[in-house]
Amino acid sequence: VFPEADDATVGAFVRLAHPWARTNVSTSAAVFAAAMRAAHPHKFARCHAGQCLPDYAAQIFDKLCADLYVPAARFVLHLDSDTVLTRPLAFSDVFDPRTRKPLMPRVRYAPGSEAEWRWRAVTADLVGIKAEDLEFQFMTRQGLCYPRAFYGTFRRAAERLHGRPLSEWLV
């Protein structure tokens, strides 16, 4: 999944280099940019490379809607665009061979770490708990995998908790 504007370059490259890969185009970046302009015009005006929320919010939203992009999949594996695989992934890289469930490596939030100051409070707010009660973070490696059934359930729970669509909460 990548922004609609990148289909001619990124999409073409992926389809040429990896004919087996399926690509999906997302319009979320344009939708989030419009929502940001409307909700926060003073902040959006200062947006510059690497600091623009709409694109980042859009990619988070796309990840949280992964089930809609791959309706036939049992599991969804997320790799960021800056990830380079140096060998084919093995089943045991993603799943526990004994339980056949996705691996979920985690670490405790380190006080003062970037993960803590960027993500702890917002993640706790998203799931409806106090930040100090959120003990672990899962951003320890690339290749996070979730059952496809997780996504819709999570979106509905977050929308009930916050009383609005997840896309609005992210803006």
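This briefing covers the overall make-up of the chain, helix H7 and a nonpolar surface patch. The model is predicted. Its protein chain contains 9 helices and 6 strands, and 26% of the 171 residues count as buried.

**Whole chain**
- The accessible surface of the protein chain is about 11,500 Å², and carbon and sulfur atoms account for 58% of this area.
- Among contacts in the protein chain with a separation of 6 or more, 62% are between residues 24 or more positions apart.

**Helix H7**
- Helix H7 runs over residues 114-127, 14 residues in total.
- The end C-alpha atoms of H7 lie 20 Å apart, which agrees with the 20 Å span expected at 1.5 Å a residue.
- H7 nevertheless has a kink of about 40°, and the kink is centred on Arg120.
- Arg120 is also one of the buried residues of H7; the others are Ala115, Ala124 and Leu126.
- The cover over these buried residues includes strand S5 (136-137), helix H8 (148-162) and helix H9 (166-170).
- Just after H7 comes Gly128, with a positive phi of about 80°.

**Nonpolar surface patch**
- Leu77, Leu79, Leu85 and Leu89 form a nonpolar patch of about 310 Å² on the surface.
- Leu89, a member of this patch, sits in the loop that runs between strand S3 (75-78) and helix H6 (91-94).
- Leu89 counts as partly exposed because its relative accessibility is 40%, which falls between the 20% limit for buried and the 50% limit for exposed.

Definitions and conventions
Residues numbered from 1 in each chain as written. Predicted model: local features only at pLDDT ≥ 70, side-chain atom pairs only at ≥ 80, totals over all residues. Heavy atoms only, no water. Patch = residues over 30% accessible without salt bridge, like charges linked within 9 Å, V, L, I, M, F, W, Y side chains within 5 Å. Areas by Shrake-Rupley, 256 points an atom, 1.4 Å probe, with all protein chains shown as cover. Salt bridge = Lys/Arg side-chain N within 4 Å of Asp/Glu carboxyl O. Helix = DSSP H or I, 4+ residues; strand = E, 2+ residues; numbered from the N terminus. Buried < 20%, exposed > 50% of the residue type's maximum accessible area, 1.4 Å probe, protein only. Expected span 1.5 Å × (residues − 1). Bend = angle between axes of the 7 residues up to and from the residue. Contact = heavy atoms within 4.5 Å.
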